[in-house]
Amino acid sequence: MELASAKMIGAGLACIALVGAGIGIGNVFAALINSLARNPAAQGQVQPFAFLGFALAEATGLFGLAIAFLILFVF
Amino acid sequence: MAIELHPLHQFTIERIVPLRIGGLDVSYTNSALLMTIVVILITALTVLGTRRAALVPGRWQSVAEMSYEFVADMIQSNVGPEGMAYFTFIFSLFMFILFANLLGLIPYSFTVTSHIIVTFALAAVVFVGVTIIGFVQHGLHFLRFFVPEGVPKVLLLLLVPIEVLSYFIRPFTLSIRLFANMLAGHTMLAIFAGFAAILGVFAIFPLGVNLLLLALELLVATLQAYVFAILTCLYLNDAIHMH
């Protein structure tokens, strides 16, 4: 197999990691909506954690995307 | 006029003023220019904003004071009063990353934090600094940080290497998180802009997606600066309080 085709396949496979990001972010905001539905007064306390959780979950998925870019453009 | 369709060309570093000292290339690049603009803007905001400080603040003074309060609040709730000794460092770190991320969103501008070497330099400073603070504060007792309380001796053989590994991976996750977010965001914007450039009438659709992406990128820019700063505070808390 040529290197260029192998790179394309590798980059595509590496992007499967973003599934985890999607599930994780969904989990975080589902928890946020659930907790705010039970106790709307907690919004000031819970919302910073929701944003922190979103950023960390997104970052984990983007590690996979960084590998995809690494495969495509560096090696 | 050729349409620039390669989405990663926006990340190339161009020399504005070529300079060589000995064998080293120390040219003034577009990255250096953006960093200079970031520093000038932050200085202008904080110095000029509080120049004629009134008890009832005007707009700029409000913004300067709110950013101070935001970082001070973050340090005091995550590190405690002892953390305020490191306030200047964390404030500079937060404001630099925030302004660098936001300035990169201007069309035809350059995102300083989209290069791994920049984010790794920041993360390495944080990691080395926090480790040194831990050793200065606790001496060799700091190594107890890797041995959690109440764990049966058998599990320690497995747990301590895992704890050490997850400690040393901190500068890498810290830098790659910021770098990958900026890279991915700006690449997406460039890709959809490329679609819009070649579609003619139907360009309204990728343009609409780009608008939503830009809103997301504004959120991500501020959020990533906040996450970098708060993780620095948490690592600092680990070093000072060792829990």
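**Exercise 1. Find which residue just after helix 7 of chain B takes a positive phi, and describe that helix.**

Solution. Go to the end of helix 7 of chain B. Just after it, Met242(B) takes a positive phi of about 55°. This is a predicted model, so the angle is a computed value. Now step back into the helix. Helix 7 of chain B has 38 residues. From its first C-alpha to its last it reaches 54 Å. At 1.5 Å a residue, 56 Å is expected, and the helix comes close to that.

**Exercise 2. Decide whether Leu212(B) is buried or exposed.**

Solution. Locate the residue: Leu212(B) is found in helix 7 of chain B. Count its neighbours next. There are 10 C-beta neighbours inside 10 Å. The cut-off for exposed is 12 or fewer. Leu212(B) therefore counts as exposed. Finally, look at Leu189(B), 23 residues apart from Leu212(B) along the chain. The C-alpha atoms of the two are separated by 9.9 Å.

**Exercise 3. Describe the backbone and surroundings of Tyr108(B).**

Solution. Begin with the place. Tyr108(B) is in the loop between helix 3 and helix 4 of chain B. Then read the angle: phi is positive, about 70°, although Tyr108(B) is not a glycine. Last, count neighbours. Tyr108(B) has 5 other C-beta atoms within 10 Å, so the residue is exposed.

**Exercise 4. Work out which elements build the largest nonpolar core.**

Solution. The core holds 52 residues. Phe94(B), Ala180(B), Ala225(B), Phe228(B), Ala229(B) and Cys233(B) touch the most other members. Next, list the elements that give two or more residues. Chain A provides helix 3 (43–73). Chain B provides helix 1 (30–49), helix 2 (59–78), helix 3 (87–103), helix 4 (116–138), helix 6 and helix 7. Helix 7 of chain B gives the largest share, 13 residues. Zoom in on Ala225(B). Leaving out residues up to four places away in sequence, Ala225(B) touches Phe94(B), Ile97(B), Leu98(B) and Asn101(B).

**Exercise 5. Analyse the contact between chain A and chain B.**

Solution. Count each side. Chain B puts in eleven residues and chain A twelve. On the chain B side, helix 6 (170–199) and helix 7 (204–241) each supply at least two residues. Helix 6 of chain B gives the most, with six residues. Then sort the chain B side by type: eight residues are nonpolar, two polar and one charged.

**Exercise 6. Describe the form of chain A.**

Solution. Start with the elements. Chain A has three helices and zero strands, in the order α-α-α from the N terminus on. Now take the dimensions. The C-alpha atoms fill a box of roughly 60 × 15 × 10 Å along the principal axes. The radius of gyration of chain A is 17 Å, while a compact globule of 75 residues would have one near 11 Å. Check burial: buried residues make up 15% of chain A. Then check contacts. Of those with a separation of 6 or more, 78% join residues 24 or more positions apart.

**Exercise 7. Test helix 1 of chain A for length and burial.**

Solution. Helix 1 covers residues 3–14 of chain A, twelve residues. At 1.5 Å a residue, the span should be 16 Å. The end C-alpha atoms are 16 Å apart, which agrees. The number of buried residues in helix 1 of chain A is zero, so the helix lies largely in the open.

**Exercise 8. Find where in chain A confidence is lowest and where it is highest.**

Solution. Chain A averages a pLDDT of 92, and 100% of the residues score at least 70. Confidence is lowest in helix 3 of chain A, at a mean of 89. Helix 2 (residues 18–38) of chain A is highest, at 95.

Key. Residues numbered from 1 in each chain as written. Chains lettered and ligands numbered in written order. Predicted model: local features only at pLDDT ≥ 70, side-chain atom pairs only at ≥ 80, totals over all residues. Contact = placed C-beta atoms within 7 Å. Helix = DSSP H or I, 4+ residues; strand = E, 2+ residues; numbered from the N terminus. Nonpolar A, V, L, I, M, F, W, Y, C, P; charged D, E, K, R; others polar. Rg over C-alpha atoms; globule rule 2.2 N^0.38 Å. Buried ≥ 20, exposed ≤ 12 C-beta atoms within 10 Å, placed from the backbone. Expected span 1.5 Å × (residues − 1). Core = buried A, V, L, I, M, F, W, Y, C linked by C-beta atoms within 7 Å. pLDDT = per-residue confidence, 0-100.
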